[in-house]
Amino acid sequence: MPQWLRRSPSAARRAVLWLALEAWAGICAQGRSLGASPRQCYLRLCQRRDVLVTRIEYIHTESAKGRAMWTA
């Protein structure tokens, strides 16, 4: 974590800034990998998409369980 980010006044601000920096680093790395190997870039994107869809499905089922429990 950069030094200027550690001196930030609030934990929430530090978390948001850290997340933004990580996202930007990922975007830059994706661009570099696209130039190096388009196939690997495509496979990584597919893998990330699958992980995201799996997480969304899990959250959706847990949400449905909670709704069923509290509305029944």
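**Close-up 1. Where helix H2 meets helix H3.** In this predicted model, the axes of helix H2 (residues 11-36) and H3 come within 6 Å and cross at roughly 140°. That angle makes H2 oblique to H3, because only angles over 145 degrees would count as roughly antiparallel. On the H2 side, the contact is made by Gln30, Ser33, Leu34 and Ala36. H3 brings Pro38, Cys41, Arg44, Leu45 and Arg48 to the contact. Sorted by class, the residues where H2 touches H3 come out as five nonpolar, two polar and two charged.

**Close-up 2. Tyr42 and Gln30 across the chain.** Tyr42 sits in helix H3. Gln30, one of the H2 residues in the contact with H3, is twelve residues away from Tyr42 along the chain, and the C-alpha atoms of the two are 9.7 Å apart. Is Tyr42 buried or exposed? Tyr42 is exposed, at a relative accessible area of 52%, so it clears the cut-off of over 50%.

**Close-up 3. The Lys65 and Glu62 salt bridge.** Here the side chains of Lys65 and Glu62 pair up in a salt bridge, with 3.1 Å from N to O. Both residues belong to helix H3 (residues 38-71), where Lys65 and Glu62 are three residues apart, or about one turn of the helix. How open are the two partners? Lys65 is exposed, with a relative accessible area of 53%, while Glu62 is partly exposed at 34%. In general, side chains of opposite charge can pair when their charged atoms come close.

**Close-up 4. The Arg49 and Asp50 salt bridge.** The side chains of Arg49 and Asp50 form a salt bridge too, again listed at 3.1 Å from N to O. Arg49 is partly exposed, with a relative accessible area of 46%. Asp50 is also partly exposed, at 39%. The count of salt bridges comes to two, so this view and the previous one cover the full set.

**Close-up 5. Cysteines without a disulfide.** How many disulfides does a search of the whole structure find? The answer is zero. Take Cys46: the nearest cysteine sulfur belongs to Cys41 and is 9.6 Å away, so the pair falls outside the 2.5 Å cut-off for a disulfide. Cys46 counts as buried, at 15% relative accessibility, because the limit for buried is under 20%. Cys28, by contrast, is partly exposed, with a relative accessible area of 28%. As for Cys41, this residue also turns up on the H3 side of the contact with H2.

**Close-up 6. Stepping back to the whole chain.** The close-ups above come from a protein with three helices and zero strands. Read from the N terminus on, its elements run α-α-α. How much of the protein counts as buried? Of its 72 residues, 8% do. Cys46 is one of the buried residues, whereas Lys65 is exposed and so is Tyr42.

Key. Residues are numbered from 1 along each chain as its sequence is written. This is a predicted model: local features need pLDDT of at least 70, side-chain atom pairs count only at pLDDT 80 or more; totals for chains, interfaces and linings use all residues. Side-chain values use heavy atoms; hydrogens and water are left out. A salt bridge is a side-chain nitrogen of Lys or Arg within 4 Å of a carboxyl oxygen of Asp or Glu. Buried means under 20% relative accessible area, exposed over 50%, partly exposed in between (1.4 Å probe, protein chains only). Helices (H or I, at least four residues) and strands (E, at least two) are DSSP runs, numbered from the N terminus. Axes are lines fitted to C-alpha atoms, for helices over the stretch in contact, and angles run from 0 to 180 degrees between N-to-C directions. Angles under 35 degrees count as roughly parallel, over 145 as roughly antiparallel, 65 to 115 as roughly perpendicular and the rest as oblique. Contact means heavy atoms within 4.5 Å. Ala, Val, Leu, Ile, Met, Phe, Trp, Tyr, Cys and Pro count as nonpolar, Asp, Glu, Lys and Arg as charged, and the others, Gly among them, as polar.
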